[in-house]
Amino acid sequence: MLYTKENAPLGIKIDMDYMADPIWISIDDESNDSLPCINSDVNGFPFSPALKHILFCYQEAWESAHSSRFIPLESLGDEFESNAKMSKAIGDSLCALQVASEEMLEEWLKENNWNTKLYKQVDVQ
């Protein structure tokens with residue numbers, strides 16, 4: 001589905017899960033405060049190339065941070081616990097990408113006059 005200003009979702013947030021685009025939406029008409037919980041396709045929005053790029057970078061970094069050919073998923077938790085430098089560096093970089101993505105999305109929503117509510121991670125945690 002291609003979203004426009006006229007059929008825009010009520011809510012949107014940037015978050016990650018395995019094998020998913022980082023855009024989650026809310027389409028529940030009963031409440032403007034319903035938390036976005038439906039995964040959506042980044043290409044379903046007329047976002048700028050820069051916004052799509054940073055969302056792609058966030059997705060790639062998140063997926064790489066959670067499993068790689070060097071540390072399998074089942075060993076990742078132990079590695080994060082035993083290597084504070086690695087854990088902090090990865091956590092900081094993912095946080096920076098998410099915050100920048102949210103800021104760019106917020107600017108895009110305002111510039112394009114969408115009435116979609118942006119849920120930032122600090123709002124939903």
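The expected span of a helix is taken as 1.5 Å times one less than its number of residues, and helices here are DSSP runs of H or I with at least four residues, strands being E runs with at least two, both numbered from the N terminus. By that yardstick α3, with 28 residues, reaches 40 Å from its first C-alpha to its last, close to the 40 Å expected at 1.5 Å a residue. The model is predicted, so local features need a pLDDT of at least 70 and side-chain atom pairs count only at pLDDT 80 or more, whereas totals for chains, interfaces and linings use all residues. Residues are numbered from 1 along each chain as its sequence is written, and side-chain values use heavy atoms, with hydrogens and water left out.

**Helices α1 and α3**

- Helix α1 has 18 residues and spans 26 Å from its first C-alpha to its last, which is close to the 26 Å expected at 1.5 Å a residue.
- The buried residues of α1 (buried meaning under 20% relative accessible area, exposed over 50%, and partly exposed in between, with a 1.4 Å probe and protein chains only) are Leu51, Ile54, Leu55, Tyr58, Gln59, Trp62 and Ala65.
- These residues cover an arc of only 140 degrees around the axis, which puts them on the same side of α1; the arc is that of the directions from the helix axis to the C-beta atoms.
- An α-helix has 3.6 residues a turn, so residues three or four places apart point the same way.
- In α3 the buried residues are Leu94, Gln98, Ser101, Glu102, Leu105, Trp108 and Leu109.

**Aromatic pairs**

- Five aromatic pairs are found in a search of the whole structure, where rings of Phe, Tyr and Trp (its six-membered ring) pair if their centres lie within 6.5 Å, and planes under 30 degrees apart count as stacked, over 60 as edge-to-face and the rest as tilted.
- One of them joins phenylalanine 45 and tryptophan 114 in a tilted arrangement, with 6.2 Å from centre to centre and 40 degrees between the planes.
- This pair links distant parts of the chain, since phenylalanine 45 lies in the loop between β3 (38-40) and α1 (49-66) and tryptophan 114 in the loop between α3 (84-111) and β4 (117-119), 69 residues apart.
- Tryptophan 108 and tryptophan 114 have ring centres 4.8 Å apart and planes at 70 degrees, so this pair is edge-to-face.
- Phenylalanine 45 is buried, as are tryptophan 108 at 8% relative accessibility and tryptophan 114 at 10%.
- Ring pairs join Tyr3, Phe45, Phe47, Trp108 and Trp114 into a cluster.

**The loop after α3**

- Asparagine 113 sits in the loop between α3 and β4, and just after α3 it takes a positive phi of about 55 degrees.
- Most residues other than glycine have a negative phi.
- Asparagine 113 counts as partly exposed, at 47% relative accessibility.

**Salt bridges**

- The structure holds three salt bridges, each defined as a side-chain nitrogen of Lys or Arg within 4 Å of a carboxyl oxygen of Asp or Glu.
- Aspartate 15 and lysine 13 meet at 3.8 Å, N to O, with aspartate 15 partly exposed at 23% relative accessibility and lysine 13 buried at 10%.
- Aspartate 92 and lysine 88 meet at 2.6 Å, N to O, and both lie in helix α3, four residues apart, about one turn of the helix.
- Within that pair, aspartate 92 is partly exposed with a relative accessible area of 42%, whereas lysine 88 is exposed with 52%.
- Glutamate 106 and lysine 120 form a salt bridge in which the closest N and O atoms are 3.0 Å apart.
- Glutamate 106 lies in helix α3 and lysine 120 in the loop between β4 and α4 (121-124), so this salt bridge ties together parts that are 14 residues apart in sequence.
- Both partners are partly exposed, glutamate 106 at 28% relative accessible area and lysine 120 at 23%.

**Nonpolar surface patch**

- Tyr18, Met19 and Leu73 make a nonpolar surface patch of about 370 Å², the area coming from the Shrake-Rupley method with a 1.4 Å probe, and for residues only the protein chains shown count as cover.
- Patches are made of residues with over 30% relative accessible area and no salt bridge, like charges being joined within 9 Å and nonpolar side chains (Val, Leu, Ile, Met, Phe, Trp, Tyr) within 5 Å.
- Methionine 19 lies in the loop between β1 (11-14) and β2 (23-26) and is exposed, with a relative accessible area of 78%.
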